[in-house]
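Reader: I am new to this structure and would like a close look at a single part of it, the salt bridges. Please set them against the rest of the fold.

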Amino acid sequence: MSLNDFQRTNATGPQALYQLPQASSRTYSPTHTPAKTVVVQSLALSRLPGAMRAMGWHTSAALMQRWFDSPAWAMPEAWKEDKIQPHPSSINPIQRDESIVKMEWAIGFERCRKAVEVAESRLATPNGVKRLTDLLTKAGWSGKGSQPLGHYPMSALQMDVISQVNFAVFGGTWDVLDDMYGALGNATLKVGVVGEAFTERNPATKQLRHLFHVEKVGFYIRDHYDFNGLQYLGTWTEDRVLTKAETAFTLSLHGQLVLRLKEGPFAAVTNGDFRDYRDKTGKGGDFIIYSDVLWKKSGQVIDLGGWV
């Protein structure tokens, strides 16, 4: 379905029913109410950021406006795969954004706060310790003496390269429609560390143990903003999106989507509409999202294992 499906349409009745293509219904006017003609116009895709701002979705609006303002560019699917995505420092600045998403905003949503707790709990898991050991080795530590890792402050992109240890995924299809849902949907909350590796000798056995003292923990969001694949993005008017409850309520007994709207433009929007817009206008650039970093003092000591 594309926005071309929503052309000017006439219907009668004081509160006429308007339906998406392939749906069917009959509309009647009460006998005591004179019928009137209502014109339904298709909604311009570029009006969506304005609708988001009208709902108070300011982060969602800023991200989408950035997409509209950028030169046309489609993100390769490989960029979403952990093992083959490009090195963070190699990403062209026009293909990443480090200023719009703020962690102060993100932790205002319970699902993000829970992700912060989960990510922190994974610092000393086997995968977390393996990742930390690899980062220390890359930084030049041979397991002798001490080795600092990371620095305060540093950006999320820098932490992604130098000292990111683990992550938690949050967000889902059944989340409430809010600014977080509109901005990120499903996203990755990453956790990194600033601290120092050192060795400690067991006084009884004289063996060395590898440890890492965490001075600070940093949390940040990394996500991709693109319109690849098939996804329904909601039914929009010029000042809001229908809630999930409203969308469910509009399902007819025959399973056909019927919209009961006031006068004004509207459209059911999918990822394909944004790709069509990009093809026709030469505008619309996908990009990688990096938030700022939420810092927390720690003091945790992680056992790196490896008695030698």
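**Salt bridges and their surroundings**

Author: Of the 308 residues of the protein, 44% count as buried. The model is a predicted one. Its secondary structure comes to nine helices and 14 strands. Among contacts with a separation of 6 or more, 77% are between residues 24 or more positions apart. The accessible surface is about 16300 Å², and carbon and sulfur atoms hold 53% of that surface.

Now the salt bridges. The structure holds 14 of them. Side chains of opposite charge can pair when their charged atoms come close. A few of the pairs can be taken in turn.

One of the pairs is E98 with R96, whose closest N and O atoms are 3.0 Å apart. Which of these two partners is buried, and which is partly exposed? R96 has 17% relative accessibility and therefore counts as buried, since the cut-off for buried is under 20%. E98, at 35%, counts as partly exposed because its value falls between 20% and 50%.

Another pair lies within a helix. E110 and K114 form a salt bridge, with 3.4 Å from N to O. Both residues belong to helix α4, which covers residues 110–121. They are four residues apart there, so about one helical turn separates them. E110 has a relative accessibility of 47% and counts as partly exposed. K114 also has 47% and counts as partly exposed.

A third example joins two elements. The side chains of R222 and D160 meet in a salt bridge at 3.7 Å, N to O. R222 is in strand β8 (residues 208–225) and D160 is in helix α6 (residues 156–162), so this pair ties together parts that are 62 residues apart in sequence. Are R222 and D160 buried or exposed? R222 is buried, and D160 is buried as well.

Salt bridges can also share residues. E77, K80 and D226 are linked in a network of them.

Strand β8, which holds R222, also has a part in the nonpolar interior. In soluble globular proteins, nonpolar side chains tend to be buried together. Here the largest nonpolar core has 55 residues, and L184, F212 and I221 have the most contacts inside it. The element that gives the most to this core is β8, with six residues. Leaving aside residues up to four places away in sequence, L184 touches V101, W105, F170, I221, D223 and I289. Apart from the core of L184 lies another core, of twelve residues, with M75, L157, M159 and I288 among them.

M159, named in that second core, is also a neighbour of a polar residue, Q164. Where is Q164 placed? Q164 is in strand β6, which covers residues 164–170. Q164 has a relative accessible area of 8%, so it is buried. Its side chain reaches the backbone oxygen of N166 at 2.9 Å. Not counting residues up to four places away in sequence, Q164 touches R131, L135, M159, K190, V191, G192 and Y220.

Taken together, the pairs described sit in differing surroundings: E110 and K114 are each partly exposed, whereas R222 and D160 are both buried. In the pair of E98 and R96, E98 is partly exposed and R96 is buried.

Technical notes: Residues are numbered from 1 along each chain as its sequence is written. This is a predicted model: local features need pLDDT of at least 70, side-chain atom pairs count only at pLDDT 80 or more; totals for chains, interfaces and linings use all residues. Side-chain values use heavy atoms; hydrogens and water are left out. A salt bridge is a side-chain nitrogen of Lys or Arg within 4 Å of a carboxyl oxygen of Asp or Glu. Buried means under 20% relative accessible area, exposed over 50%, partly exposed in between (1.4 Å probe, protein chains only). Helices (H or I, at least four residues) and strands (E, at least two) are DSSP runs, numbered from the N terminus. A polar contact is a pair of N or O atoms within 3.5 Å; within protein, one must be able to donate a hydrogen and the other to accept it, and residues adjacent in sequence count only if both atoms are side-chain atoms. Contact means heavy atoms within 4.5 Å. A nonpolar core is a set of buried Ala, Val, Leu, Ile, Met, Phe, Trp, Tyr and Cys residues joined through side-chain atoms within 4.5 Å. Accessible areas come from the Shrake-Rupley method with a 1.4 Å probe; for residues, only the protein chains shown count as cover.
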